[in-house]
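Let's take a walk through this one together, starting from a single side chain and working outwards. Keep the viewer open as you read.

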Amino acid sequence: MNLDDYKSLSDIQIMSKVGEYDSKALEELYDRYSPILYSLIKKIVEDKTKAEEVLADVFVLVWKKKNSSNFSDANVYTWLITLARNKAVDIRRRDENSEEGMPDYNEDYQDYFIIPKLSKSIDPLDLNKALSVKDNFEEALNKLTDAQKFVLILAYYEGKTHSEIAKQLNIPVATVKSKVKLSLSNLKQNLVSGE
Amino acid sequence: MSNMESMELLQAKALGCLDPEEDALFTKLMKEDENFPWQELGHYQNLVAFLPTLLDIEVPEPEVKDNVAQKLYELGEKDKAEKDEDVKQNTIAKETEIEEEGFVIEDEPVGNDELPAVGEDLANVDTINDGISFTEHGPQLQNLLNDEKKVGQKPLIKQQQRKTETETIPVKPKKGFEQKKVKSYVTKYPASAADSKSKVGLIVTVILFAIALLAVIFVYFNLSSDIQENREKIDMLERQIGTKIILQNTPTHKIFNT
C-alpha cells in the first residue's frame, strides 16, 4: 500500500492503522491535519518556532498514545484538535508562569491534563465534515454578543480558567461561569437553527 | 456534585476552562454518575472543536515533518533500549532466583561408587551425593534454561530485524517518516570494517600519488635549472675559447690599438 492509497481512507481507518504501528498512516494523518493543528497551536502559543515544536510533540503523542483511545466509535477530529489545544495551552501556561506553581510534566500529568477524554457518546466528525460546516459555524458565532465571544476566546485560545477570567475582567466567578455556559448554549442553538 | 451541577459545568469542561478543583470533581462525576449526560458532553466537545476551522490556516514548514520523523525514530530507539534492558533485568532476576532456590552446582568430587556404570541410563539415576534430585528439579531447570534461551535469542532477532530494515529502506525514494529513518540509520550505524579499510586505503593511495607528483615536479624544476646553469657555463666557456683564439691570432699592437 503506497502513500497515495492512504489518502482515500477515512480518519478512523487511518487512526486504526496508526494503532497497528503503520508509519505511513501517521504520515498521512500528519499531511491531513498538520495545517489546522499548526494554525491552532500557533494561535495559542503565539510563536512560530514554539508552534512547530509543539506540533511535532503532538504527533509524537499521537504515536505514543495511539492505543489509549478507541477510535472505532469515536471521532479522530475532535480528539486531535483537543489534544493539540491542551498541549499548546500547557506550554503557554508554563511560559506565562515560568513553570512556577505548575505541576511537573510527567506521564500521569500528561494522561490527565493533555490526553483528551472524549464523551462515551460523541457523534462522528472528520476534518472534511468540520470544514464543510465552517460557514454555518461562523454565522452562528457572529450572532453571539461581544462579551460572550470574548469569554470564549479567553478560555479556549488563552487557556484561562473560570477564576482567571474573573480576575482578568474583574467580575465575579459566578458571572464568568454563566457567561461561558450561555455563550456555548447559544452557539449550539444558533448552529442548529442555522442548518 | 449533583447531575444538575454537572450540567452547569458541562460547557466549561468542553471548553477546557474548569479550575483544577472543579475539574477533579467533574472527572469523579464522569466516573461515578450513572446518569451522566454523555451525549450533551459529546455535542459540546464537537462544537468547541469547530472553533479552529475559523482560523487562517497555515501550512507548517516541511522541516517540521522531518522533526516529527526524527523524534519518532528516537522514541523507537529508546523503546528498544528499554526492552533490551528489561530482558537483561529479567535474565539477572531469573539467575538470582535459581541461586535462591538452591540450584548451585558445587564442584565436589563424586565417589567412584556413586558414579553410574558406563552405559547406564543417566535418567534413571535419581540422586547424586547429598540427595539432590535431578529428576525432581530437572524439568524446572529445563524450563529456566529454555526461558533463558528465549530471552537470549531476543536481541539476535532484533539485530536481524534492524539489518533487514537497513537493507530495505534505501530502495524507497520518497521523502517521509520512513525515509527519515534511513538518514538516521546512516548516521547511527557506522560503516563496516571492510568499508572503512578500503576508505583508508584509498586515502593513503591519494596521498602517496600526490607526494609522488610533487617529487616529480620538484625533480623536473631542479633538473631544468641545472640544465640552464650548465648551458650558461657552456656558453661562457665557448665565448672564452673564442676570445682566446682571436687573441692568439691577433698581433699585440693591434689588440691595444683596437
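At 59% relative accessibility, E46(A) counts as exposed (exposed is over 50% relative accessible area, buried is under 20%, and partly exposed is in between, with a 1.4 Å probe and protein chains only). Before going further, some housekeeping: this is a predicted model, where local features need pLDDT of at least 70 and side-chain atom pairs count only at pLDDT 80 or more, while totals for chains, interfaces and linings use all residues. Residues are numbered from 1 along each chain as its sequence is written, chains are lettered from A and ligands numbered from 1 in the order in which they are written, and side-chain values use heavy atoms, with hydrogens and water left out.

Back to E46(A). You'll find E46(A) in the loop between α3 (23–45) and α4 (48–64) of chain A; helices here are DSSP runs of H or I with at least four residues, strands are runs of E with at least two, and both are numbered from the N terminus. Its backbone is worth a look too, since E46(A) isn't a glycine and yet has a positive phi of about 60°. What does E46(A) form a salt bridge with? The partner is R92(A), and the closest N and O atoms are 3.7 Å apart (a salt bridge is a side-chain nitrogen of Lys or Arg within 4 Å of a carboxyl oxygen of Asp or Glu). E46(A) sits in the α3–α4 loop of chain A and R92(A) in helix α5 (residues 76–96), so this pair ties together parts that are 46 residues apart in sequence. R92(A), for its part, is buried, at 11% relative accessible area.

The general idea is simple: side chains of opposite charge can pair when their charged atoms come close. Over all chains, the structure holds 25 salt bridges. Another one joins the side chains of E107(A) and K65(A), at 3.1 Å from N to O. Here E107(A) belongs to helix α6 (residues 107–114) of chain A and K65(A) to the loop between α4 and α5, so the pair ties together parts that are 42 residues apart in sequence. E107(A) is partly exposed, with 41% relative accessibility, whereas K65(A) is buried at 12%. Salt bridges with shared partners also link K7(A), D11(A), E28(A) and R32(A) into one network. Within that group, the side chains of E28(A) and R32(A) meet at 3.0 Å, N to O. Why are these two about one helical turn apart? Because they are four residues apart in helix α3 of chain A. Both E28(A) and R32(A) are buried.

Stay on helix α3 of chain A for a moment, as S34(A) has its place there too. S34(A) is buried, at 4% relative accessibility. Setting aside residues up to four places away in sequence, S34(A) touches L29(A), L55(A), F59(A) and P60(B), where contact means heavy atoms within 4.5 Å.

Now for two more loops in chain A. N170(A) lies in the loop between α10 (162–169) and α11 (173–194), and N170(A) has a positive phi of about 55° although it isn't a glycine. Is N170(A) buried or exposed? It's exposed, with a relative accessible area of 71%. L144(A), in the loop between α8 (134–142) and α9 (146–156), is buried at 6%. Not counting neighbours within four places in sequence, L144(A) is in contact with K149(A), L152(A), S183(A), N186(A), L187(A) and N190(A). For N186(A), 42 residues away along the chain, the C-alpha atoms of the pair are 7.2 Å apart.

Over to chain B. Chain B has eight helices and two strands, running α-α-α-α-β-β-α-α-α-α along the sequence. Of its 258 residues, 23% are buried. Among contacts in chain B with a separation of 6 or more, 58% are between residues 24 or more positions apart. Chain B exposes about 18800 Å², with carbon and sulfur atoms supplying 59% of that; such areas come from the Shrake-Rupley method with a 1.4 Å probe, and for residues only the protein chains shown count as cover.

To finish, look for the negative surface patch formed by D226(B), E229(B), E232(B), D235(B) and E238(B). Patches are made of residues with over 30% relative accessible area and no salt bridge, with like charges joined within 9 Å and nonpolar side chains (Val, Leu, Ile, Met, Phe, Trp, Tyr) within 5 Å. Asp and Glu count as negative and Lys and Arg as positive, while His and the chain ends are not counted; the place of a charge is taken as NZ of Lys, CZ of Arg, CG of Asp or CD of Glu. One of the patch members, D235(B), is found in helix α7 (residues 193–249) of chain B, and D235(B) is partly exposed at 37% relative accessible area.
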